[in-house]
Amino acid sequence: MSIAAVLGRLAGVRQSRPGQWIARCPAHADRNPSLSVRETDDGRVLIFCFGRCEVESILSALGLRFSDLFREPFRRDTRFRPIRNAHAANAVDVLVALRQEILVLQIAATAMARGESLDGEDSVRMALAADRLACIAGAAP
């Protein structure tokens with residue numbers, strides 16, 4: 001789904017800087033915009049509520065699924081390779097990757113804990129996150 005389609009479902013949208021917007025969070029009674037929305041270079045839509053709403057609650061209020069935040073369907077990324085030399089990797093890049101993959105697993109675990117089943121795309125993405133975390137862990141000294 002495109003960033004424009006996500007923004008079209010929100011109220012009080014305004015651009016805060018190039019490629020980033022702020023809007024009223026649909027998951028709580030938000031008078032002042034507290035939802036940050038931005039698009040990454042690879043087309044992912046990132047959302048964060050400064051009022052601490054869960055991503056699942058925001059997506060539910062928008063009538064979206066986690067997979068809707070990605071432009072292309074989930075698939076194994078054959079370009080991803082384990083970090084051979086952890087010291088050569090930029091620590092910030094590693095932490096960003098860790099945060100992203102942990103978030104994927106957290107969202108899937110929360111859905112499963114509520115008794116929801118994951119569809120095929122979400123299951124594949126969860127497996128990819130687990131693989132990536134294992135690669136990162138394997139590169140640690």
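These questions and answers go through a predicted model.

Colleague: In what order do the elements of the protein run from the N terminus on?
Modeller: The protein has four helices and four strands. A helix opens the chain, and β1 to β4 come next. Three helices then close it. The order is α-β-β-β-β-α-α-α.

Colleague: What share of the residues of the protein counts as buried?
Modeller: The protein has 141 residues. Its exposed surface is about 8900 Å², with 53% supplied by carbon and sulfur atoms. The share of residues that count as buried is 32%.

Colleague: For contacts with a separation of 6 or more, what part comes from residues 24 or more positions apart?
Modeller: V37 gives an example of contacts beyond four places in sequence, with I3 and L7 among its partners. Across the protein, residues 24 or more positions apart account for 49% of the contacts with a separation of 6 or more.

Colleague: Which element gives the most residues to the largest nonpolar core?
Modeller: In soluble globular proteins, nonpolar side chains tend to be buried together. Here the largest nonpolar core has 24 residues, and L35, V37, I47 and I58 have the most contacts inside it. Elements giving two or more residues to this core are α1 (3-7), β2 (20-24), β3 (35-39), β4 (45-49), α2 and α3. The top contributor, with four residues, is α2.

Colleague: Which residues is V37 in contact with, leaving aside neighbours within four places in sequence?
Modeller: V37 is among the core residues with the most contacts inside the core. Its contacts beyond those neighbours are I3, L7, L10, G19, Q20, W21, V45, L46 and I47.

Colleague: Is T40 buried or exposed?
Modeller: T40 sits in the loop between β3 and β4. Its C-alpha atom is 9.9 Å from that of F70, 30 residues away along the chain. The relative accessibility of T40 is 11%, and the cut-off is under 20%, so T40 counts as buried.

Colleague: Which element gives the most to the lining of the second largest pocket?
Modeller: This pocket has a volume of about 350 Å³. Elements giving two or more residues to its lining are α2 (55-62), α3 (91-113) and α4 (120-139). The one that gives the most, with four residues, is α3.

Colleague: How many charged residues are in the lining of the second largest pocket?
Modeller: The lining has 19 residues, and R65, F66, A111, E116 and D122 lie nearest the pocket centre. By class, ten lining residues are nonpolar and two are polar. The charged residues number seven.

Technical notes: Residues numbered from 1 in each chain as written. Predicted model: local features only at pLDDT ≥ 70, side-chain atom pairs only at ≥ 80, totals over all residues. Heavy atoms only, no water. Buried < 20%, exposed > 50% of the residue type's maximum accessible area, 1.4 Å probe, protein only. Contact = heavy atoms within 4.5 Å. Areas by Shrake-Rupley, 256 points an atom, 1.4 Å probe, with all protein chains shown as cover. 1 Å grid on protein atoms, 1.4 Å probe; cavity = no way out; pocket = protein on both sides within 12 Å on 5 of 7 lines; lining within 4 Å. Points joined across faces, edges and corners; volume = space filled by probe spheres on them. Nonpolar A, V, L, I, M, F, W, Y, C, P; charged D, E, K, R; others polar. Core = buried A, V, L, I, M, F, W, Y, C linked by side-chain atoms within 4.5 Å.
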